[in-house]
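Subject: The structure you asked about

Hello,

Here is the structure, ready for you to open next to this email. Below it I have written up what turned up when I went through it.

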Amino acid sequence: MKITSIKTIVVNADIRNWVFVKVVTDQPGLWGWGEATLEWKTRAVTGCVDDLAPLVVGEDPMRIEHIASRMARFSFWRLGAIGMSAASGIEQALWDIKGKALGVPVWQLLGGRVRDSIRVYTHPLRGRLEDAAADGDISAICDDIQQTVEMGYSAIKVGMIPYTGYDAPISAVRHVAKLAEAIRERVGDDIALMTDFHGRPESTRAAKAFIDVIAPIAPLFVEEPIQPGNARLMAELNRQVGCPLATGERLLQPEQFSDLVEQDAVTYVQPDLAHCMGFSGARRIAAIAEARNVGICPHNPMGPVASAVALQFDAATTNFVIQEECSGLVPWFEDICSAYPVSLVDGCWQLPDAPGTGIEIDETEAARHPFRQERILALDAILPDGTIANW
C-alpha cells in the first residue's frame, strides 16, 4: 500500500478555520482524516502540508513512526507551531488509515481501551461567543454556565481573568473573586470548574493574586496562569498557590513537557494532538507525565476531526483525566460529517467501535463553509495605556 496524495479542506467556523487533512492511498476507497487547525495561521498551515507532502507521498501509510520521522528530520529546520500542526494532521490521518485497513478503532491499535467512557468539559454555551454574556455581568455569566450544565455537561471551563500585565489591580482581583464565588454557588459542588488565564499575567505575582481568590471554589485546574515555555517560573508559582495548575496547549515537543514534570511545575499537562505530532507525540508526552504522577487533560477547542482523534487517544491513555471539547462552536458542527463517532451521555463521550477514528467528512457539505478570514479575537487585547496584552 502506498500514499498517493494529500490534500487539505478548509472549513470556516467563525473564530477558526478548521484545517482538515485527507491522506489518500492507492487502495480504492481507503483514505484517512486528520486535523491541523491552528488559530489564525490557516494559509501557512495548508502551505506547510503541501511542503511536507513530497516527504510522505509514495510511502507505506502503515509505517507511521517512520513517516513522522521523515517529516520531522527531513525538514532540517525544526518544526515550529505551523510545521508541527501540518505534520500532526498528516500523522493522525495515517492512524485512521491503519485502523480502517485492519478493521479496528485506533484505540485498539494503541493497546486497547483502559476506560468505559471519556469525561469531557466544554465552555459556557459550548463556546458560542456571539451569545455569551458580557465580561462584567456576573449574573448573566452564571446564567450561561447554568444553561451549559443543563445541556448535559458536568464540567465547564470559564475565562475569568481580564487582560493584565505585571500587576493585578485590586478592583480586578475583587471582581474575579465575586465572579468565582457566584459561579460556584450557582452550580453547586458536583460540577467541576476550571479557568483559563491564557497566559495573560506577565508576572507570577500577578498570576498568584488572581489564583488566590479563585482557589476557594476548588477548581479542577487553573490553565496557563503565565505564558508557556518557562518551566522554572511555573514551578515557582506552583509552590506558592493552593490549587492545581495546568499548561501545555502551546508546547510542541516532549522535552518541553519533560521540563515541566521534572520541576514539579504542574498537576496536569495539556498537549494538543493537532500540534504535538498527533498520536505519536501525545503518547510520548503521556508517558513522560505518567512517570511523575502527572495527569493529562488534552487541549481541543477545534473541529470534529480533532474531537474524533482525541476520543481515540483518551480511551487508551492510562493517566487521562478530562478532555476539552467545543462541539457547539457552530450550529452545523456535525452536519459536515457523514459519520461522527462522538456522543455525549451524562457528561462523557461514549466509546465507538468503528474502524480508524470513526469520522468521515462530507466534502460537499464542508464546501458550503469555505475559507474566509477568521474573526481575530486577540485584536482587543490592549491595556488602558495602549500596551499590547497577551490574549
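Let me start with a small detail of strand pairing: Val345 stands opposite Cys348, which belongs to strand 14. Please keep in mind throughout that this is a predicted model.

**The two sheets**

That contact belongs to the pairing of strand 13 with strand 14 (residues 348–350), which is antiparallel and runs over two bridges. Both strands are part of an open sheet of four strands, in the order 11-4-14-13, with mixed pairing. At its edges stand strand 11 and strand 13 (344–345); each has a single partner strand, so one side of each has no neighbour in the sheet.

There is also an open sheet of six strands, ordered 5-6-7-8-9-10, and here the pairing is parallel. Its edge strands, pairing on one side only, are strand 5 (155–158) and strand 10 (295–296). If you would like a place to begin looking, strand 5 is joined to strand 6 (residues 192–196) by four bridges, and the two run parallel. Within that pairing, Lys157 has Met194 of strand 6 as its bridge partner. As general background, strands of a sheet pair through backbone hydrogen bonds, in either a parallel or an antiparallel way.

**Aromatic rings**

The whole structure holds nine aromatic pairs. One of them is formed by Trp18 and Phe333: the ring centres are 5.3 Å apart and the planes meet at 80°, and because an angle over 60 degrees counts as edge-to-face, that is the class of this pair. The pair links distant parts of the chain, with the two positions 315 residues apart. Trp18 is in strand 2 (residues 17–25), while Phe333 is in the loop between strand 11 (323–324) and strand 12 (337–339).

Are these two rings buried or exposed? Trp18 has a relative accessible area of 0% and is buried. Phe333, at 2%, is buried too.

Now set that beside another pair. Phe76 and Trp77 are also edge-to-face, with 5.8 Å from centre to centre and 70° between the planes. Here the surroundings are of another kind: Phe76 counts as exposed at 71% relative accessibility, and Trp77 counts as exposed at 68%.

Back at Trp18, ring pairs link this residue with Phe20, Trp332, Phe333 and Tyr340 into a cluster. One further ring has a charge for company: the charged end of Lys22 sits over the ring of Trp31, 4.2 Å from the ring centre.

**Two backbone angles to look at**

Phe76 comes up again here, since its phi is positive, about 65°, although the residue is not a glycine. Phe76 lies in the loop between helix 2 (64–73) and helix 3 (81–102).

Trp40 is the other residue to check, with a positive phi near 60°, again in a residue other than glycine. Trp40 is found in the loop between strand 3 (31–35) and helix 1 (42–56). Its relative accessible area is 22%, so Trp40 is partly exposed.

**Empty space**

In general, rolling a probe the size of a water molecule over the atoms shows where empty space is left. How many cavities of 30 Å³ or more does a search of the whole structure find? The search finds one, with a volume of about 50 Å³. Its lining is made up of Asp272, Leu273, Ala274, His299, Asn300, Met302, Ala306, Val309 and Ala310. By class, these divide into six nonpolar, two polar and one charged.

The second largest pocket holds about 370 Å³ of space. Of the 17 residues that line this pocket, Ala68, Ala72, Gln253, Pro254 and Met277 are the closest to its centre. Helix 2, helix 9 (254–262) and helix 10 (278–290) each supply at least two residues of the lining. Which helix gives the most to this lining? Helix 2 does, with five residues. The lining as a whole has eight nonpolar, four polar and five charged residues.

Happy to look at any of these spots together with you.

Best wishes

Conventions:
Residues numbered from 1 in each chain as written. Predicted model: local features only at pLDDT ≥ 70, side-chain atom pairs only at ≥ 80, totals over all residues. Heavy atoms only, no water. 1 Å grid on protein atoms, 1.4 Å probe; cavity = no way out; pocket = protein on both sides within 12 Å on 5 of 7 lines; lining within 4 Å. Points joined across faces, edges and corners; volume = space filled by probe spheres on them. Nonpolar A, V, L, I, M, F, W, Y, C, P; charged D, E, K, R; others polar. Phe/Tyr/Trp six-rings, centres within 6.5 Å; stacked < 30°, edge-to-face > 60°. Buried < 20%, exposed > 50% of the residue type's maximum accessible area, 1.4 Å probe, protein only. Lys NZ or Arg CZ within 6 Å of the ring centre and 35° of its normal. Pairing = 2+ DSSP bridges.
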